[in-house]
Each structure stands twice: as C-alpha cells, then as structure tokens.
Amino acid sequence: MLHPLPLRTTHRQTQLQIPLNNPLSNQFNFEQNYRNISNLLLSLTRSRTLPKGLQVHAHIIKTGFQAIPLISHHLINFYSKTQLPLDSQRVFEETQVKSSTTWSSVISCFAQNELPCVAIEFFHRMLGFGVRPDDHIFPSSLKASGMLSWREFGRSVHCLALKTGFDGDVFVGSSVVDMYAKCGQIRDARTVFDRMPVRNVVSWGGMICGYTQLGEDEEALRLFKEALWEGLDVNDFTFSSVIRVCGNSTLLELGKQIHGLCLKTSYDSSSFVGSSLVSLYSKCGVIEGAYQVFEEIPKRNLGMWNAMLIACAQHAHIEKAFDLFKQMESMFMKPNFITFLCVLYACSHAGLVEEGKHYFELMKEYGIEPGDQHYASMVDLLGRAGRLQDAVSIINGMPMKPTESVWGALLTGCRIHKNTELAVYAADRVFELGQVSSGMHVLLANAYAAAGRYEDAAKARKMLRDRGVKKETGLSWVEQGNCVHTFAAGDRRHPISGEIYLKLKELGGEMERAGYVADTSFVLREVGSDEKNQAIRYHSERLAIAFGLITFPPERPIRVMKNLRVCGDCHTAIKFMSKCSGRVIIVRDNNRFHQFEDGKCSCGDYW
DNA sequence: CTAGGGTTAG
C-alpha cells in the first residue's frame, strides 16, 4: 500500500474552491493533481530524497501519469540526480513519445553520472531517430566528449552546432570551449572563446581552467586579470582554478592577494575555494595558513579533508593526519581512494609501517579496492623502512599487473638500503613493461651499474638520450615581493651574488665552529676533492637561503622551493644554518617539506 | 521543465 502523500491534502484544499456543479471540475482535478505531482517531484529532485521519490513513482504508475511527457522528464531527472542512471534509462525506454526534451534529460543523465560513453550512444540513437539536437542537448553531448577526450567526435558535434546555428548560444559556446580544453586543444578552445558573441562567468572560467589544466599558468593568470579589469563576474569556480595555479607555481604572495579578493567577494566560504587555498598554503610551506583556512570553513567536503590530509603528510604532521582521519570517521565523512593515498603517503613519510598496514586493510572495510597507486604506496613505505621482502610479497599479492610506479617504489627502497640484486630484478621487470618513463631511466641505469651489468646500464642511458631527456637542472627559488629569485648550483648571475657568497663564507665559518663537517660523498665522482668541497658549499638551496638571510626581515621565515631532492649534506648544513642564524628555514624539495628550526628538522632525518 | 566548470595525490 502507498503511504498518504502530502499532495492529497493540497488537492483537497483546491477541491474546496471548485463549485461542485462545475462541469469542468473533473478535468481540473486531473490537471491540478498532475501539476502537484510534478512540483513534488521537482522538490524531491532538488533535495535528492530517494525513498519518497520511489513512492511517488509508484503512485505515478498507478494513476497512469507517466504518459504525460512532463512527468516522465521529471522522473528521468530525479533518477539522474539521485545517481540511478539505469532507472532513468528505464523510465526513458517506457516513455512512448520521446521529445527532444526527453532525449536531453537522458543524455545529460549519463553525462552527469560518469557514463559518457552511454551518453554518446544515446546521442547517436537520437540522431538516428531524426531528432535534431537543441541548445540543451549540445552541452551535454559536448561534456561527454570532453570527459572521454574524444577530440574528433567533439569536433564533429561542434561542426553540427555551427551548421544548425547554435554556435551563438552561450551555453553551447561555453561547452565547446570546455570540450576543446579537455581534449588538450587549447588553441581551438581559445579561437571559439574569442569568437563568442556573448560570454559569461562559465565561458571565462572554462577558458581559465583550460589553461591551468595544461600548465599554461601565465596565460591563465593573464586571462583572470583581464576578467577583473573588465569588471566581469568571477565566481568560486574561477577563484579555485586560479588559486590552484598559484599553488602549483608556489606563488604565495599572489595567492594571498587572491585570497583577499575571495574574502572581499565572500567566495571564501566555498569548499572548492577552500580546498585550493589549503593546498596553496601547504604547497608554499605555510602550514599554519592551511590549518586556518580549514578551520574557518564550516562546510567541508571530501576534497577539502583530503587537501588538509595531504598538507599534513607533506609537512610530516603525522599525528594531526591520523587525528583528522578519526574526525572524518566520527562525522561519517566517507573516505575515497585519494583519502587513503593521503594517509599512506603520510605513513610513508614517517616510516610508520604498522599504521600503513592498518589503513591499507581499512580500505576493504570501506569497500574501496586498492588501486595500483595504493600498492605503490605500500611498496614505498615498506621499501623505505628497509622491509624489502615484505614489499616483494605485497607486489606478488597484487591482483593486477604491477605498474612502473610499483617497481619504481621498490627500486627506491633498494637504492636506500643498497640491495643491488633486488634492484636489478625490479629493473628487469620495468624493461619488460616496454615503455619506460623519463624519470625511470636514471634509477634503472644506477641499478644495473651497481650490479656490474654495464651493458644494460648503457642501454638505459641510451634510451634516455634517444628520447632527448636531459637530467633536470637543480633549481631553488625564493619569493620576495612580486619577484621570484631563482638559483642554480654555483650560480653567480644574481645581482647581489657577491653579497650572497660573502654571507655563505661567513656563515660557513660559524657553522664549522658549531660542529659542521661537510660530507662530500654526495658529490658526483668525477671532480677532485677541493672542487667537491667548493661545489657542495654552493648548492642552489644554500644560495637561496643566503639571499633570504640578507634581504628578509629577521622574524620572517625563509621559504625555499626546490625541484629536486635536497642532498644529505645540505640537509645537515641547513640545520646548522638555522641554528647559527636563529631563523626558521623551510625547504620544499620535490616531494615534501623540511622545516629547520634551532638545528633540528621536522622530518626527523627520515626523508 | 530540460542545459554548461571544479576542489584533493604523484
């Protein structure tokens, strides 16, 4: 039996207003009734209340209302929003007269429920029925082609829109821009964008976001500035994209300014903006800033929790990371695969093997199948901790074929713990995979060379050369005001490099008196020992720190960013530098942060 | 009535 529905009471009320002798009253009731149902469905769709919706659907079937196109559209849409695309499809198939609206609802349903292939299948079916796409169908199908990066298909849909004269529509235009951007055709996206007769927030946001996804940070920022200049609307979407740019390029000062703008426009409470801000502050080494943003946003979504977890992992705030995870559990915030990558990453940075295993097991309880990245993370954790055999058994227990990153993690562990035999085994497996990514060659070459397999080592190096991959130059940079000051090892190009070298010399004396001894084993073999000593003294991070010591006010922490791993000797040296100068020095290398304070580092020498 | 962006990891 059906439960009484609220619409009945409404119905009774309206009935009272109709004179009983009105010959139209029956028809009117019917009309009123289905309008009520349609409104009820709409509100249920908005609030996504599934049980009640199912009741209403049952009622609709009983009363025969599903024959009314409007009702079936609402039903399709209801199941789409409650993430039940198959039920949407069922309603769609049962709809006898399919208007373009019906097609539109079902195509958008699949596009929104991560089934772009099915969306496109229905798009084709629709064309087969001779139904012309309209200004609602174009956006959905373009979205689907963007999701799949189906460049040629997307282009043909774009052409169809041009032919049928829909290219002037803002929705269609914005979708075309987004589609080309997603397919990596940023120039085409820009051409369409520039030719659009009318543009809105979404068109601008899509274009800016497109540039950020391709790493064209400067163009993204330029466009953002242009939008501000022209007094155009920017919204939380635009802000989150552009803050992400600042995060990726560690532009703290600019990021702060944009944060200020968010506060002014009160877009700062959006959790999307919040996630980007947490990540920005974290990536720029300002972990306190990340905590503050996190605390100040009341409505946190999963992305935001994950961003905070990553921040904790990068800064080795392990206890805080575990604490956050507990908080999530207590609030019934369901973790996803990224959440687990974050906690595993945190465990790996602290060498916490047992905790890592615990979280790895916990995944199953949450119904998340570990992916290759989770396995790689476990191998990394065990490998770094020296438990190479356990790492191998993890690999052997993988239900899927181990990927390059899994073997790479094992290779890293082997390098740290000097297990040449296992390293060669891993290297052979990587070769078997056929394709080898550029970062891998060095690891392979070193593994083979250490085991005396020089021919294979040469082969790995040759592959590297053939690809034209050069070893990345080690660079360090600090931000000051509107400028980023970049240094390479032994660099003398900076305007105040004289002062910088003098400062390092002075400080070097102090450091030696405090007990610092340079460890030259970190320098490549080919140079003589005097040169070694010189070379290590002027690694890029030291130049950057010296620059900070000279130019920053004493209480300001010196934040240095680096694209490569910090070498062991520099790590020791920076500890002494922090002690002798009384400064807080924060160094971000290619995968984490080191906060040096009073002769100690936050990583606890495990990195 | 139906339509177009995203946050978080490496």
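**Close-ups of a predicted protein–DNA model**

Of the DNA strand B atoms that sit within 4 Å of the protein, 45% are sugar or phosphate atoms, and the rest are base atoms. This is a predicted model, where local features need pLDDT of at least 70 and side-chain atom pairs pLDDT 80 or more, while totals for chains, interfaces and linings use all residues. Residues are numbered from 1 along each chain as its sequence is written, chains are lettered from A and ligands numbered from 1 in the order written, and side-chain values use heavy atoms, with hydrogens and water left out.

**View 1. The protein surface around DNA strand B.** Here "near" means that a residue has a heavy atom within 4 Å of the strand. There are 34 residues around DNA strand B, and Thr101, Lys143, Phe237, Ile310 and Tyr345 come nearest. By class, this surface has 10 nonpolar, 19 polar and 5 charged residues. The classes go like this: Ala, Val, Leu, Ile, Met, Phe, Trp, Tyr, Cys and Pro are nonpolar, Asp, Glu, Lys and Arg are charged, and the others, Gly among them, are polar.

**View 2. Polar contacts to DNA strand B.** A polar contact is a pair of N or O atoms within 3.5 Å. The side chain of Ser174 has an N or O atom 3.0 Å from a base nitrogen of DNA strand B. For Ser175, a polar side-chain atom is 3.5 Å from a sugar or linking oxygen of the strand. Asn235 puts a polar side-chain atom 3.0 Å from a base oxygen. Elements giving two or more residues to the surface near DNA strand B include H4, helix H6 (100-112), helix H10 (170-182) and helix H14 (236-248). Helix H18 (302-314) gives the most, with 5 residues. Helices (H or I, at least four residues) and strands (E, at least two) are DSSP runs, numbered from the N terminus.

**View 3. Two of the annotated repeats.** The unreviewed UniProt entry places "repeat: PPR" at residues 99-133, 200-234, 301-335 and 336-370; such annotations may be inferred rather than shown by experiment. Residues 301-335 are 74% helix and 0% strand, with end C-alpha atoms 11 Å apart. For residues 336-370, the split is 77% helix and 0% strand, and the end C-alpha atoms lie 11 Å apart.

**View 4. The largest cavity.** A cavity is a set of points on a 1 Å grid over the protein atoms alone where a 1.4 Å probe fits but cannot get out, and lining residues have an atom within 4 Å of a point. Searching the whole structure turns up 1 cavity of 30 Å³ or more. The largest cavity holds about 50 Å³, a volume being the space filled by probe spheres set on the points. Its lining is His57, Ile61, Gln66, Ser72, Leu75, Val91, Glu94 and Thr95. Helix H3 (50-63), helix H4 (69-81) and helix H5 (85-94) each chip in at least two lining residues.

**View 5. The mixed sheet and its hairpins.** Strands pair if DSSP finds at least two bridges between them. The open sheet has 6 strands in the order S2-S1-S3-S4-S5-S6, with mixed pairing. Strand S2 (483-488) and S6 are at the edges with a single partner strand each, so one side of each has no neighbour in the sheet. Strand S4 (residues 585-588) and strand S5 (residues 593-597) run antiparallel, joined by 4 bridges, and form a hairpin with 4 residues between them. Across this pair, Arg588 stands opposite Phe593 and Ile586 opposite Gln595. S5 also pairs antiparallel with strand S6 (residues 600-601) over 2 bridges, where Phe596 has Cys601 as its bridge partner. The S5–S6 hairpin has 2 residues between its strands, and Asp598 in the turn has a positive phi of about 50°.

Methods
1 Å grid on protein atoms, 1.4 Å probe; cavity = no way out; pocket = protein on both sides within 12 Å on 5 of 7 lines; lining within 4 Å. Polar contact = N/O pair within 3.5 Å; in protein donor to acceptor, adjacent residues only side chain to side chain.
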